[in-house]
Amino acid sequence: RKYVVRKAFKDYLPERNDFEIVDEVIPALNDGEFLVKAEYISVDPYMRSFADGRDVPYDQFGFQVGKVVDSRNSHYPADIHVVSHSGWRDFSVLTAEPDPMFNVTPYRPHTGSLPISLAIGALGMPGITAYLGLTEICDPKENETVCVTSAGGAVGSLVGQIAKLKGCTVIGFAGSDHKVNMLLNELGFDYAFNYKTTNVKEALNSTGNIDCYFDNVGGELAKIILGNMKEHGRVAICGSISTYGKKSRRKALKAPVSVKMEAFSFTQWDITKQQAAVSQLRDWLESGAIKAKETITNGFEELPDTLLAMLKGENVGKAVVKV
Ligand code: NDP
């Protein structure tokens, strides 16, 4: 089975009916091919932003981790786990070719003793994004102040914890009191605020100005935070979820003169750097230095609603579906 997007959800939040489950016949494998049965499928913000301008119908793209159940490729033998960008499908016939969207070749995840679901979370694309976006672009120094938005989510929750390990003071903004409590009491953030119920400017007056801002949301919230940067601050533009599906999306943010602002994609770093990031994250997770939060929903049928729930902020940490 796979999901096909039937109706373009450009200007509104996606609905369950925009997606259709289509049965697929699994063909006999050719040389070089292998069959993967999905175990965890990812829902991510780019499923909305990349929907913009795309002609329907299209197969819903996305990362998943699954097990090889049949193989005619000796590099991908039966029983190993594989991460691939093969979309919302329960069975995928794959080759060693990279996917056209991210140029990612199906690969064996290295989750060690940790849950395999983390291969598409803290030890996958979101983890790599958090680690390399923060360390390479913001490059926070000890005693600096780091601010992150969507701080209770997959990327943001890791960014804040990594910044704490670097000896920084960390400020997080998130959309619920539950997330704020988790950031303060479980993940070690110094300050956390509910941006929906707090005057953000006043909150930042109470924390002091910021050296590094890791922007996951764009829009008004980012604008206010950019007004509270220190001289020579650094801003990593990771995403702008508050603007996805809106006309204002393309409006660029402006940083104060002495502040370095850089947009990035996790794909800009080569595989060696990405693997080093994963290895560091795994060490930290195994030693308990950081925590990987996940919201796991059960059932292939729940994929569209899980995407919608994530876009509305109902997830804590990485949103994934167990199939
Ligand atoms: P999250 O786990 O953070 O989930 C998305 C969260 O966005 C929601 O839980 C919600 O949290 C928040 N949100 C939704 N609408 C708004 C809004 N209007 N204003 C503020 N926050 C909102 O997702 P990810 O960690 O996977 O992704 C975070 C960001 O990173 C996204 O912008 C994404 O596009 C980007 N990204 C970029 C990558 C890159 O290579 N540059 C790679 C991966 C992700 P809340 O309750 O706080 O509102």
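1. Two strands pair if DSSP finds at least two bridges between them. With that in mind, a reader of this predicted model can turn to strand β1, residues 2–5, which pairs with β2 in the antiparallel sense over 4 bridges. Within this pairing, K2 stands opposite V22 in β2.

2. The pairing of β1 with β2 belongs to an open sheet of 3 strands, whose order is β2-β1-β4 and whose pairing is antiparallel. Which strands form the edges of this sheet? The edge strands are β2 (19–22) and β4 (58–59), each of which pairs on one side only. As general background, strands of a sheet pair through backbone hydrogen bonds, either parallel or antiparallel.

3. The loop between β1 and β2 contains Y12, and it is worth asking whether Y12 is buried or exposed. Y12 has 10 other C-beta atoms within 10 Å, and because a residue counts as exposed at 12 or fewer, Y12 is exposed. Y12 can also be set beside N143, since the two are 131 residues apart in sequence and 42 Å apart in space, taken from C-alpha to C-alpha.

4. The next points concern the helices. Two packed helices are described by the angle between their axes and the distance between the axes. For helix α2 (residues 125–138) and helix α3 (residues 154–165), the axes come within 8 Å and cross at roughly 40°. Angles under 35 degrees count as roughly parallel and 65 to 115 as roughly perpendicular, and α2 and α3 are therefore oblique to each other. The crossing of α2 and α3 is right-handed. On the α2 side the contact is made by P126, G127, T129, A130, Y131 and L134, and on the α3 side by A154, V155, L158, V159, I162 and A163. Sorted by class, the residues of this contact are 10 nonpolar and 2 polar, with no charged residue among them.

5. Helix α2 also meets helix α7 (residues 271–287), and the axes of α2 and α7 come within 9 Å and cross at roughly 95°. How are α2 and α7 placed to each other, given that angle? Because 65 to 115 degrees is the range for roughly perpendicular, α2 and α7 are roughly perpendicular to each other. In α2, the residues G127, I128, Y131 and L132 meet K273, Q274, A277, V278, Q280 and L281 of α7. The contact of α2 with α7 has 6 nonpolar, 3 polar and 1 charged residues. Both G127 and Y131 are named in the contact with α3 and in the contact with α7.

6. Some details of the backbone deserve a careful look. Most residues other than glycine have a negative phi, and most peptide bonds are trans. A cis peptide bond, with omega of about -5°, joins V56 and P57, and P57 lies in the loop between α1 (46–49) and β4, the latter being one of the edge strands of the sheet described above.

7. D79 has a positive phi of about 85° although it is not a glycine. This residue lies in the loop between β5 (64–71) and β6 (81–84), and with 8 C-beta neighbours inside 10 Å D79 counts as exposed.

8. Where does H232, a residue other than glycine with a positive phi near 65°, have its place? H232 is in strand β12, residues 229–237. H232 has 10 other C-beta atoms within 10 Å and is therefore exposed.

Methods: Residues numbered from 1 in each chain as written. Predicted model: local features only at pLDDT ≥ 70, side-chain atom pairs only at ≥ 80, totals over all residues. Axes fitted to C-alpha atoms, helices over the stretch in contact; angles between N-to-C directions. Helix = DSSP H or I, 4+ residues; strand = E, 2+ residues; numbered from the N terminus. Parallel < 35°, antiparallel > 145°, perpendicular 65-115°, else oblique. Left-handed = near helix turned anticlockwise from the far one by under 90°. Contact = placed C-beta atoms within 7 Å. Nonpolar A, V, L, I, M, F, W, Y, C, P; charged D, E, K, R; others polar. Buried ≥ 20, exposed ≤ 12 C-beta atoms within 10 Å, placed from the backbone.
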